[in-house]
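This briefing introduces a structure to a reader who has not met it before. The sequence and the model are shown first, and the notes that follow are grouped by topic.

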Amino acid sequence: MALLEIRDIHTYYGAIHALRGVTMSVEEGEIVTLIGSNGAGKSTTLRTISGLLRPRQGEIHLRGKRIDGLRPHEIVELGVCQSPEGRRVFARMTVHENLEMGAFSRREKVPTADYDRVYDLFPRLRERTAQRAGTLSGGEQQMLAIGRALMSAPKVLLLDEPSMGLAPILVEQIFTIIKTINESGTTVLLVEQNALMALGIANRGYILQSGEIVLTDTAAVLAGNEAVQRAYLGGD
Ligand SMILES: Nc1ncnc2c1ncn2[C@@H]1O[C@H](COP(=O)(O)OP(=O)(O)O)[C@@H](O)[C@H]1O
Ligand SMILES: [Mg+2]
(Lines give C-alpha, C1' and ligand atoms only; values in the text may rest on other atoms or scores of the structure.)
(Ligands and ions follow the chains in the order given, each with its own letter.)
Protein backbone atom coordinates (compact mmCIF):
# COMPACT_ATOMS: atom_id res chain seq x y z
CA MET A 1 0.00 0.00 0.00
CA ALA A 2 1.32 3.45 -0.93
CA LEU A 3 1.83 5.93 1.90
CA LEU A 4 0.04 8.63 -0.08
CA GLU A 5 -2.27 7.88 -2.96
CA ILE A 6 -4.03 10.44 -5.12
CA ARG A 7 -6.68 9.06 -7.44
CA ASP A 8 -8.25 10.96 -10.30
CA ILE A 9 -8.40 14.31 -8.55
CA HIS A 10 -10.34 17.16 -10.13
CA THR A 11 -10.00 20.56 -8.46
CA TYR A 12 -11.63 23.78 -9.56
CA TYR A 13 -11.28 27.48 -8.80
CA GLY A 14 -14.82 28.55 -9.56
CA ALA A 15 -15.21 27.70 -13.24
CA ILE A 16 -11.49 27.08 -13.77
CA HIS A 17 -10.80 23.36 -14.02
CA ALA A 18 -7.27 23.40 -12.57
CA LEU A 19 -6.67 19.68 -11.95
CA ARG A 20 -8.08 17.33 -14.58
CA GLY A 21 -7.77 13.87 -13.13
CA VAL A 22 -4.44 13.79 -11.30
CA THR A 23 -3.37 10.31 -10.21
CA MET A 24 -0.10 9.72 -8.39
CA SER A 25 1.34 7.85 -5.45
CA VAL A 26 4.17 8.25 -2.99
CA GLU A 27 5.70 5.22 -1.30
CA GLU A 28 7.06 5.29 2.22
CA GLY A 29 10.65 6.58 2.25
CA GLU A 30 10.63 8.06 -1.24
CA ILE A 31 11.33 11.49 -2.59
CA VAL A 32 8.84 12.02 -5.39
CA THR A 33 8.96 15.17 -7.46
CA LEU A 34 6.11 16.84 -9.29
CA ILE A 35 7.44 18.92 -12.16
CA GLY A 36 5.63 21.37 -14.38
CA SER A 37 5.74 24.86 -15.80
CA ASN A 38 4.19 27.87 -14.22
CA GLY A 39 0.42 27.41 -13.98
CA ALA A 40 0.49 23.64 -14.54
CA GLY A 41 -1.29 22.97 -11.25
CA LYS A 42 1.57 21.97 -8.93
CA SER A 43 0.57 24.18 -6.02
CA THR A 44 -3.07 23.28 -6.55
CA THR A 45 -2.13 19.61 -6.20
CA LEU A 46 -0.34 20.22 -2.89
CA ARG A 47 -3.13 22.45 -1.60
CA THR A 48 -5.66 19.77 -2.47
CA ILE A 49 -3.65 17.12 -0.58
CA SER A 50 -3.36 19.49 2.41
CA GLY A 51 -7.12 20.01 2.47
CA LEU A 52 -6.88 23.73 1.70
CA LEU A 53 -8.83 23.03 -1.48
CA ARG A 54 -11.58 20.44 -1.86
CA PRO A 55 -11.45 18.27 -4.94
CA ARG A 56 -14.74 18.05 -6.80
CA GLN A 57 -13.94 14.49 -7.79
CA GLY A 58 -11.42 11.84 -6.82
CA GLU A 59 -9.94 10.44 -3.62
CA ILE A 60 -6.81 10.90 -1.53
CA HIS A 61 -5.63 8.17 0.83
CA LEU A 62 -2.94 8.17 3.49
CA ARG A 63 -1.92 4.59 4.31
CA GLY A 64 -5.28 3.50 3.03
CA LYS A 65 -7.26 6.00 5.10
CA ARG A 66 -9.28 8.44 3.09
CA ILE A 67 -8.24 12.03 3.88
CA ASP A 68 -9.91 14.16 1.20
CA GLY A 69 -12.76 16.00 2.83
CA LEU A 70 -10.94 16.27 6.16
CA ARG A 71 -10.03 19.68 7.46
CA PRO A 72 -6.46 20.97 7.01
CA HIS A 73 -5.55 20.64 10.71
CA GLU A 74 -6.84 17.06 10.77
CA ILE A 75 -4.64 16.23 7.79
CA VAL A 76 -1.62 17.75 9.57
CA GLU A 77 -2.42 15.67 12.66
CA LEU A 78 -2.45 12.54 10.49
CA GLY A 79 1.06 13.35 9.33
CA VAL A 80 0.88 15.35 6.11
CA CYS A 81 2.42 18.79 6.36
CA GLN A 82 3.08 21.38 3.69
CA SER A 83 5.78 24.02 3.59
CA PRO A 84 3.98 26.63 1.50
CA GLU A 85 5.22 28.34 -1.63
CA GLY A 86 6.63 31.80 -1.01
CA ARG A 87 8.06 31.05 2.47
CA ARG A 88 5.07 32.23 4.43
CA VAL A 89 6.39 32.53 7.97
CA PHE A 90 4.86 34.41 10.89
CA ALA A 91 6.79 37.62 10.34
CA ARG A 92 6.28 39.20 13.76
CA MET A 93 7.11 36.06 15.71
CA THR A 94 10.64 34.94 16.47
CA VAL A 95 12.30 32.02 14.76
CA HIS A 96 11.71 29.84 17.82
CA GLU A 97 8.05 30.86 18.11
CA ASN A 98 7.56 29.93 14.46
CA LEU A 99 8.91 26.46 15.23
CA GLU A 100 6.57 26.22 18.23
CA MET A 101 3.66 27.04 15.93
CA GLY A 102 4.77 24.22 13.68
CA ALA A 103 4.57 21.81 16.61
CA PHE A 104 1.10 23.04 17.61
CA SER A 105 -0.77 20.10 16.08
CA ARG A 106 1.05 17.59 18.26
CA ARG A 107 -0.71 16.35 21.33
CA GLU A 108 2.37 15.23 23.26
CA LYS A 109 4.96 17.49 24.82
CA VAL A 110 7.40 18.25 22.04
CA PRO A 111 10.88 17.00 22.91
CA THR A 112 13.74 19.51 22.84
CA ALA A 113 15.48 17.09 20.50
CA ASP A 114 12.95 17.97 17.80
CA TYR A 115 13.94 21.64 17.94
CA ASP A 116 17.59 20.59 17.98
CA ARG A 117 17.03 18.51 14.88
CA VAL A 118 15.77 21.59 13.00
CA TYR A 119 18.57 23.75 14.38
CA ASP A 120 21.11 21.09 13.39
CA LEU A 121 19.73 21.04 9.85
CA PHE A 122 19.70 24.84 9.70
CA PRO A 123 22.51 26.27 11.88
CA ARG A 124 21.62 29.78 10.64
CA LEU A 125 18.28 29.45 12.40
CA ARG A 126 19.96 28.49 15.67
CA GLU A 127 22.00 31.70 15.53
CA ARG A 128 18.78 33.63 14.98
CA THR A 129 16.45 31.86 17.37
CA ALA A 130 15.23 35.10 19.01
CA GLN A 131 15.09 37.15 15.79
CA ARG A 132 11.76 38.13 14.28
CA ALA A 133 11.10 35.98 11.22
CA GLY A 134 10.15 38.98 9.07
CA THR A 135 13.68 40.31 9.34
CA LEU A 136 15.31 37.11 8.04
CA SER A 137 16.72 36.93 4.52
CA GLY A 138 14.71 35.12 1.86
CA GLY A 139 16.85 32.01 2.16
CA GLU A 140 16.54 31.97 5.93
CA GLN A 141 12.77 32.35 5.72
CA GLN A 142 12.66 29.39 3.35
CA MET A 143 14.67 27.36 5.86
CA LEU A 144 12.30 28.42 8.62
CA ALA A 145 9.25 27.45 6.56
CA ILE A 146 10.72 23.97 6.07
CA GLY A 147 11.81 23.75 9.71
CA ARG A 148 8.36 24.77 10.90
CA ALA A 149 6.75 22.06 8.77
CA LEU A 150 9.19 19.50 10.21
CA MET A 151 8.12 20.43 13.74
CA SER A 152 4.77 18.76 13.10
CA ALA A 153 6.76 15.48 12.77
CA PRO A 154 5.21 14.71 9.38
CA LYS A 155 5.22 11.31 7.73
CA VAL A 156 4.98 13.12 4.41
CA LEU A 157 6.52 16.54 3.88
CA LEU A 158 5.05 18.53 1.00
CA LEU A 159 7.45 21.14 -0.34
CA ASP A 160 6.27 23.81 -2.77
CA GLU A 161 9.19 25.23 -4.76
CA PRO A 162 11.69 25.42 -1.91
CA SER A 163 14.37 26.76 -4.28
CA MET A 164 12.33 29.62 -5.67
CA GLY A 165 14.12 32.96 -5.62
CA LEU A 166 17.22 31.64 -3.89
CA ALA A 167 20.82 32.26 -4.90
CA PRO A 168 22.43 29.20 -6.57
CA ILE A 169 24.58 28.35 -3.55
CA LEU A 170 21.52 28.32 -1.30
CA VAL A 171 19.62 26.22 -3.84
CA GLU A 172 22.35 23.57 -3.57
CA GLN A 173 22.13 23.71 0.22
CA ILE A 174 18.36 23.40 0.32
CA PHE A 175 18.41 20.32 -1.93
CA THR A 176 21.13 18.71 0.20
CA ILE A 177 19.04 19.37 3.29
CA ILE A 178 15.92 17.87 1.67
CA LYS A 179 17.93 14.72 1.01
CA THR A 180 19.10 14.65 4.64
CA ILE A 181 15.53 15.08 5.87
CA ASN A 182 14.47 12.16 3.68
CA GLU A 183 17.34 9.95 4.82
CA SER A 184 16.28 10.47 8.42
CA GLY A 185 12.92 8.90 7.61
CA THR A 186 10.57 11.56 6.24
CA THR A 187 8.87 10.88 2.93
CA VAL A 188 8.95 13.90 0.61
CA LEU A 189 6.69 15.15 -2.17
CA LEU A 190 8.67 17.92 -3.84
CA VAL A 191 7.17 20.43 -6.26
CA GLU A 192 9.73 22.23 -8.36
CA GLN A 193 10.31 24.26 -11.49
CA ASN A 194 14.01 23.49 -11.07
CA ALA A 195 13.54 20.06 -12.63
CA LEU A 196 17.22 19.25 -12.95
CA MET A 197 17.89 19.66 -9.24
CA ALA A 198 14.66 17.93 -8.24
CA LEU A 199 15.34 14.89 -10.43
CA GLY A 200 18.86 14.82 -8.98
CA ILE A 201 17.57 13.91 -5.51
CA ALA A 202 14.23 12.22 -6.27
CA ASN A 203 13.46 8.52 -6.70
CA ARG A 204 10.57 9.11 -9.09
CA GLY A 205 8.87 11.96 -10.81
CA TYR A 206 5.59 13.03 -12.39
CA ILE A 207 5.27 15.62 -15.13
CA LEU A 208 2.19 17.81 -14.81
CA GLN A 209 0.91 19.77 -17.78
CA SER A 210 -2.28 21.87 -17.73
CA GLY A 211 -3.66 19.95 -14.78
CA GLU A 212 -2.88 16.49 -16.12
CA ILE A 213 -0.07 14.02 -15.44
CA VAL A 214 1.48 13.42 -18.85
CA LEU A 215 4.48 11.30 -17.87
CA THR A 216 5.82 9.39 -14.88
CA ASP A 217 8.98 7.35 -14.41
CA THR A 218 12.07 6.99 -12.29
CA ALA A 219 13.97 10.22 -11.84
CA ALA A 220 16.90 8.84 -13.83
CA VAL A 221 14.73 7.98 -16.84
CA LEU A 222 12.93 11.33 -16.74
CA ALA A 223 16.23 13.20 -16.54
CA GLY A 224 17.33 11.38 -19.70
CA ASN A 225 14.06 11.88 -21.56
CA GLU A 226 14.48 14.25 -24.53
CA ALA A 227 11.07 15.85 -24.29
CA VAL A 228 11.57 16.45 -20.58
CA GLN A 229 14.98 17.94 -21.23
CA ARG A 230 13.59 20.25 -23.91
CA ALA A 231 10.66 21.42 -21.82
CA TYR A 232 12.06 21.56 -18.30
CA LEU A 233 15.80 21.16 -18.23
CA GLY A 234 16.69 24.01 -20.56
CA GLY A 235 18.31 21.58 -22.99
CA ASP A 236 17.94 21.69 -26.79
N1 LIG B 1 -6.70 31.33 -6.29
C2 LIG B 1 -6.87 31.05 -7.59
N3 LIG B 1 -7.99 31.46 -8.25
C4 LIG B 1 -8.20 31.17 -9.54
N5 LIG B 1 -7.35 30.45 -10.29
C6 LIG B 1 -6.23 30.02 -9.71
C7 LIG B 1 -5.93 30.28 -8.33
N8 LIG B 1 -4.75 29.71 -8.03
C9 LIG B 1 -4.33 29.12 -9.17
N10 LIG B 1 -5.20 29.30 -10.17
C11 LIG B 1 -5.09 28.77 -11.55
O12 LIG B 1 -4.95 27.36 -11.49
C13 LIG B 1 -3.96 26.92 -12.40
C14 LIG B 1 -2.88 26.15 -11.64
O15 LIG B 1 -2.21 27.06 -10.76
P16 LIG B 1 -1.07 26.59 -9.76
O17 LIG B 1 -1.49 25.34 -9.10
O18 LIG B 1 -0.74 27.76 -8.89
O19 LIG B 1 0.14 26.28 -10.76
P20 LIG B 1 1.67 26.04 -10.46
O21 LIG B 1 1.85 25.91 -8.98
O22 LIG B 1 2.01 24.78 -11.21
O23 LIG B 1 2.41 27.22 -11.01
C24 LIG B 1 -3.46 28.15 -13.12
O25 LIG B 1 -4.16 28.24 -14.32
C26 LIG B 1 -3.81 29.28 -12.19
O27 LIG B 1 -4.04 30.47 -12.89
MG1 LIG C 1 2.99 27.02 -7.64
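In this predicted model, helix H3 (residues 95-102) and helix H6 (residues 138-150) have axes that come within 7 Å and cross at roughly 35°. The strands discussed below belong to an open sheet of four strands and an open sheet of six strands. A ligand, with its shell of residues, is described after the sheets.

**Helices H3 and H6**

- The crossing of H3 and H6 is right-handed.
- On the H3 side, the contact is made by Val95, Asn98, Leu99, Met101 and Gly102, which meet Leu144, Gly147, Arg148 and Ala149 in H6.
- By class, the residues of this contact comprise five nonpolar, three polar and one charged.

**The four-stranded sheet**

- The order of strands in this open sheet is S2-S1-S4-S5, and the pairing is antiparallel.
- S2 and S5 stand at the edges with a single partner strand each, so one side of each is left without a neighbour in the sheet.
- Helix H1 packs on this sheet and touches S1, S2 and S4, its direction making about 70° with that of S2.
- S1 and S2 run antiparallel and are joined by eight bridges; within this pairing, His10 has Arg20 in S2 as its bridge partner.
- Two residues separate S1 from S2 in a hairpin, and Gly14 in the turn has a positive phi of about 55°.
- Strand S1 (residues 4-13) also pairs with S4, in the antiparallel sense, over five bridges.
- Between S1 and S4, Ile6 stands opposite Ile60 in S4, while the bridge partner of Arg7 in S4 is Glu59.
- S4 and S5 run antiparallel and are joined by two bridges, with Lys65 in S5 as the bridge partner of Leu62.

**The six-stranded sheet**

- This open sheet has mixed pairing, and its strands follow the order S6-S7-S8-S3-S9-S10.
- Strand S6 (80-83) and S10 occupy the edges, each with a single partner strand, so one side of each is left without a neighbour in the sheet.
- On average, neighbouring strands of this sheet are turned by 20° against each other, direction ignored.
- Strand S3 (residues 31-35) runs parallel to S8 and is joined to S8 by five bridges; in this pair, Ile31 stands opposite Val188 in S8.
- H1 lies across S3, S6, strand S7 (156-160), S8 and S9, running at about 150° to S7.
- H6 also packs on the sheet, where H6 touches S6 and S7 and has a direction that makes about 170° with that of S6.

**Ligand 1**

- The shell around ligand 1 consists of Tyr13, Ile16, Ala18, Gly36, Asn38, Gly39, Ala40, Gly41, Lys42, Ser43 and Thr44.
- Strand S2 (16-26) and helix H1 (42-49) each supply at least two residues of this shell, and H1 gives the most, with three residues.
- By class, the shell has four nonpolar, six polar and one charged residues.

**Positive phi outside glycine**

- Most residues other than glycine have a negative phi.
- Arg63 has a positive phi, near 45°, and is placed in the loop between strand S4 (57-62) and strand S5 (65-66).
- S4 and S5 form a hairpin with two residues between them, and Arg63 lies in the turn.
- Arg63 counts as partly exposed because 15 C-beta neighbours lie inside 10 Å.
- Ser210 likewise has a positive phi near 45°, in the loop between strand S9 (204-209) and strand S10 (212-218).
- Ser210 has 14 C-beta neighbours inside 10 Å and therefore counts as partly exposed.

**Thr187**

- Is Thr187, a residue of strand S8 (residues 187-192), buried or exposed? Thr187 is buried, because 22 other C-beta atoms lie within 10 Å and the cut-off for a buried residue is 20 or more.
- Apart from neighbours within four places in sequence, Thr187 is in contact with Leu3, Val26, Glu28, Gly29, Glu30, Lys155 and Val156.
- Thr187 and Leu52 are 135 residues apart along the chain, and their C-alpha atoms are separated by 20 Å.

Note on methods: Residues numbered from 1 in each chain as written. Chains lettered and ligands numbered in written order. Predicted model: local features only at pLDDT ≥ 70, side-chain atom pairs only at ≥ 80, totals over all residues. Near = placed C-beta within 6 Å. Nonpolar A, V, L, I, M, F, W, Y, C, P; charged D, E, K, R; others polar. Buried ≥ 20, exposed ≤ 12 C-beta atoms within 10 Å, placed from the backbone. Pairing = 2+ DSSP bridges. Contact = placed C-beta atoms within 7 Å. Axes fitted to C-alpha atoms, helices over the stretch in contact; angles between N-to-C directions. Left-handed = near helix turned anticlockwise from the far one by under 90°.
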